[in-house]
Amino acid sequence: MIPQETIVALATPSGAGAIAIIRLSGKDAITIAAEVFQSVSGKDITKQKTHTIHLGHIVDPSTSSGQAGKVYDQVLLSIFKGPNSYTGENVIEISCHGSTFIQQQIIQLLLRKGAKMAQAGEFTLRAFLNGKLDLSQAEAVADLIASDNEASHQIAMQQMRGGFSNEIAKLREELLNFASLIELELDFAEEDVEFADRTQFHDLLERIEFVLKRLIDSFAVGNVIKNGIPVAIVGEPNVGKSTLLNALLNEERAIVSDIAGTTRDTIEDELVIDGIGFRFIDTAGIRETKDVVESIGIQKTFEKIEQAQVVLFLVDSSKLSVDSLALLKNETEQIINKYPLKTVVVIANKADLLSLEQKNTIQATIDNIHFLSAKHKEGIDELKNTLLSFVNTGALRNNETIVTNTRHYDSLLKALEEIQKVKWGLDSGLSSDLMAIDIRSALHYFGEITGEVTNDELLGNIFANFCIGK
């Protein structure tokens, strides 16, 4: 059911600024705006063409008899007539000055004239309901707004333009064509005829399975790009963890001190490297301690290691001896064994204090150890390149479809399971009626992604995460 009320909301971030944009959408958007807008040229905006902009004033006409209306602001008013608008409805955008007082006065005036406050994501919801966007494109709008690096922006733009939707829609259409033939066979069950070419159907299932697996595999990269890669910096107290965090961020984010145990809690910050977001976590030093506060910090360190995908294990290379090297190798192996699914990078800090012979000795004992000096910012670029190497950006560079949405990922997994059932049934000579059940299920999960199959609860969950003006 498409809502009929005209809605209004602030489309720009709340707070004072140079300008603010107030958006109206609905069948009465233009007539409501006409009641409060006075064009400087005397134009009647109800008679103006779509996609035009007009200079004028917002005026409250409801004043005492004989008095001129109260002028709130000089504004630019943009007209977008449905269906050629973002929502598919009549849309008015009022660009006013950014005073919070002006914003609220204009919105309250529009509410008095019959508009209703928009709910979170209601403009985009109406765009979906009016067929301007499918569901995956609508979700990409939220991702685009939230994108904070080049890679996440690129993926969101690709999905909003329909790259993912088109790929899914094409697979669904081809499967639907064969499903129709299979269903037709059920009407002629007694004649024992086959309308669907089994060889072509098998080839189609192979192709769908291949595409689904590729999309499912892309989620590992997509999720990382969308949310950033959590990187935990761990090690004993005073090995330079906070100094390394400051060097990576190129700012004094963490307190640096010669006193062991300075970092009592975890410190987090983000860094974008070549368009990929990394969330660095400077943790409390791991050691035996009777300090209650420091103990809590160390406990949080292990919690952050659990959450991280990459662990930077930092050691003070100036204190490494033949005996301590064997101990370090043992500690490294313990961390790797304890967290087998995580990438552990061993970093020898204070490498500026080492001779070439000492470095060679350490390298001979610890595989793939990285040398750097956080204090002098030496080896930082090499470490950033190492971190980038953990992200497979090939699909991103080739502009392939990358899945970033958990809901899409779940539907793809379920669709793949049903496709594999159909494929097994085809190879096993299963009857058409049983295969048809699995085909319908696969089509259902394809439809869930683009919104051809949906319900109010699903839509509510999706659009509740949007901001109010979108």
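Reader: How many contacts beyond four places in sequence does this predicted model have for residues 253–266, and what level does pLDDT stay under there?
Author: Over residues 253–266 pLDDT stays under 50, and the model has 43 contacts beyond four places in sequence for them. Residues 285–298 also have pLDDT under 50 throughout, with 28 such contacts. For the chain, the average pLDDT is 81, and 86% of the residues score at least 70.

Reader: Why is cysteine 96 called buried or exposed?
Author: Cysteine 96 has a relative accessible area of 2%, and the cut-off for buried is under 20%, so cysteine 96 is classed as buried. Cysteine 467, by contrast, has 42% relative accessibility; because that value lies between the limits of 20% and 50%, cysteine 467 counts as partly exposed.

Reader: How many disulfides are counted, and by what cut-off?
Author: The count comes to zero disulfides, where a pair of cysteine sulfur atoms would have to lie within 2.5 Å.

Reader: How do you know what span helix H14 should have, and what do its end C-alpha atoms give?
Author: Helix H14 covers residues 406–427, which is 22 residues, and at 1.5 Å a residue, taken over one less than that number, the expected span is 32 Å. The end C-alpha atoms of H14 are 32 Å apart, and therefore the model agrees with the expectation.

Reader: What makes asparagine 405 a cap of H14, and at which end?
Author: A side-chain oxygen of asparagine 405 lies 2.7 Å from the backbone nitrogen of arginine 407, at the N-terminal end of H14; since a polar contact requires N or O atoms within 3.5 Å, this pair qualifies. After H14 comes glycine 429, whose phi is positive, near 75°.

Reader: What makes helix H8 mostly covered, and which residue follows it?
Author: In H8, residues 241–249, nine of its nine residues are buried, among them Lys241, Asn246 and Leu249. Asparagine 250 follows H8, with a positive phi near 60°.

Reader: Which residues touch the most other members of the largest nonpolar core, and which element gives the largest share of it?
Author: Of the 32 residues in that core, Leu244, Phe278, Phe280 and Leu312 touch the most other members, and the largest share, five residues, comes from H8. Apart from this core lies another, of 31 residues, including Leu215, Ile216, Leu426 and Ile439.

Reader: What is phenylalanine 278 in contact with, leaving aside its neighbours within four places in sequence?
Author: The contacts of phenylalanine 278 beyond those neighbours include Ile229, Val231, Leu271, Ile273, Leu387, Leu388 and Val391, as well as Asp269 and Glu270.

Notes
Residues are numbered from 1 along each chain as its sequence is written. This is a predicted model: local features need pLDDT of at least 70, side-chain atom pairs count only at pLDDT 80 or more; totals for chains, interfaces and linings use all residues. Side-chain values use heavy atoms; hydrogens and water are left out. Buried means under 20% relative accessible area, exposed over 50%, partly exposed in between (1.4 Å probe, protein chains only). Helices (H or I, at least four residues) and strands (E, at least two) are DSSP runs, numbered from the N terminus. A polar contact is a pair of N or O atoms within 3.5 Å; within protein, one must be able to donate a hydrogen and the other to accept it, and residues adjacent in sequence count only if both atoms are side-chain atoms. A nonpolar core is a set of buried Ala, Val, Leu, Ile, Met, Phe, Trp, Tyr and Cys residues joined through side-chain atoms within 4.5 Å. Contact means heavy atoms within 4.5 Å. pLDDT is the predictor's confidence in each residue, from 0 to 100.
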